[in-house]
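Please examine the sequence and structure shown here. A short briefing on selected strands and loops comes after them.

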Amino acid sequence: MKKLLLLFIISITTFIQAQEVKSSTVFYYKYTFMRDSLDKDRKFEETMVLLSDGKESIYKSFSKMRRDSIVQSNFDKGNYTINFASMPQARVNHEVFYSIDKKIKVLDKIVNKFYGYPAETIHWAIENEKKKIGEFNCQKAVCMLENRKFTAWFTSDIPSHDGPFRFKGLPGLIVEVYDLNHYFTFSLVGVKKQSLNITLPKNFIETTKANFIKERNDFYADPAGKAKMYMGNSVQLADPKVINEKFKKDNLFID
């Protein structure tokens with residue numbers, strides 16, 4: 001069997017779906033992020049989408065959304081033989097569901113298992129400073145997330161309490177948000193009126209944030225060993241040294 005370096009293998013059960021949002025608007029964000037705090041030149045970008053019906057939303061990678069849609073379409077047709085290598089690839093696996101009762105659920109993946117956990121509400125301090133970003137009149141707000149200070153610019157031109165990732169709850173859509181070190185930056189790059197149905201995976205493991213972080217830390221302590229444990233003998237991995245080298249510098253997580 002062909003050796004696999006990429007560990008994020010998709011299982012069929014991932015695509016048995018549950019919670020659905022029938023979005024009327026799609027907000028596109030450019031997510032720029034670092035994985036190694038000691039290498040500021042090593043940055044990644046991913047196009048993310050916030051799909052909203054005005055009351056609740058799902059936020060995820062655009063490439064992941066396209067890939068999931070293709071896989072689901074094939075499964076619906078009874079085609080279970082799919083070449084994942086030829087499909088859109090995503091660097092960002094987390095998804096965030098913002099429910100109608102203003103609760104936040106984060107879903108994230110370790111190897112081939114999805115975990116889901118409730119996230120705390122962010123507490124904002126709205127400041128008086130204002131500026132224009134593109135066509136939007138914006139106002140400044142700040143918050144703390146996982147001991148990092150973030151600055152957000154929101155616009156009441158779009159009366160939504162939403163934004164990328166866990167950044168929700170301001171009196172207007174978040175147009176831009178970033179931490180002081182610019183490890184993580186989200187910038188609104190497009191708004192499109194579009195009817196789309198998008199769902200969260202059903203077969204995820206309900207857990208707490210603390211347990212998810214512990215599981216992730218265990219993976220990064222021994223990526224090759226943990227991957228083997230998750231996927232079993234059905235998949236032949238690349239050289240363990242190559243796998244461990246790939247992940248050893250990853251020390252930044254937004255959570």
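The points below concern one strand, its two partners and two loop residues.

This is a predicted model, in which local features need pLDDT of at least 70, side-chain atom pairs count only at pLDDT 80 or more, and totals for chains, interfaces and linings use all residues. Residues are numbered from 1 along each chain as its sequence is written, and side-chain values use heavy atoms, with hydrogens and water left out.

**Strand β5**
- Strands are DSSP runs (E, at least two residues), numbered from the N terminus.
- Strand β5 spans residues 104-110, and 7 of its 7 residues are buried (under 20% relative accessible area, with a 1.4 Å probe and protein chains only; exposed means over 50%, partly exposed in between).
- Ile-104, Val-106, Asp-108 and Ile-110 point one way from β5, while Lys-105, Leu-107 and Lys-109 point the other way.

**Pairing and hairpins**
- Two strands pair if DSSP finds at least two bridges between them.
- Strand β4 (residues 95-98) pairs with β5 in the antiparallel sense over 4 bridges, and Tyr-98 has Ile-104 as its bridge partner in β5.
- The hairpin of β4 and β5 has 5 residues between the strands, and there Lys-102 takes a positive phi near 70 degrees.
- β5 and strand β6 (residues 113-119) run antiparallel and are joined by 7 bridges; Leu-107 has Gly-116 as its bridge partner in β6.
- In the hairpin of β5 and β6, with 2 residues between the strands, Val-111 takes a positive phi near 55 degrees.

**Loop residues with positive phi**
- Asn-147 is not a glycine, yet its phi is positive, at about 65 degrees.
- Asn-147 lies in the loop between β8 (136-145) and β9 (148-155) and counts as exposed at 77% relative accessibility.
- His-182, also not a glycine, has a positive phi of about 55 degrees.
- His-182 sits in the loop between β10 (173-179) and β11 (184-201) and is partly exposed, with a relative accessible area of 38%.
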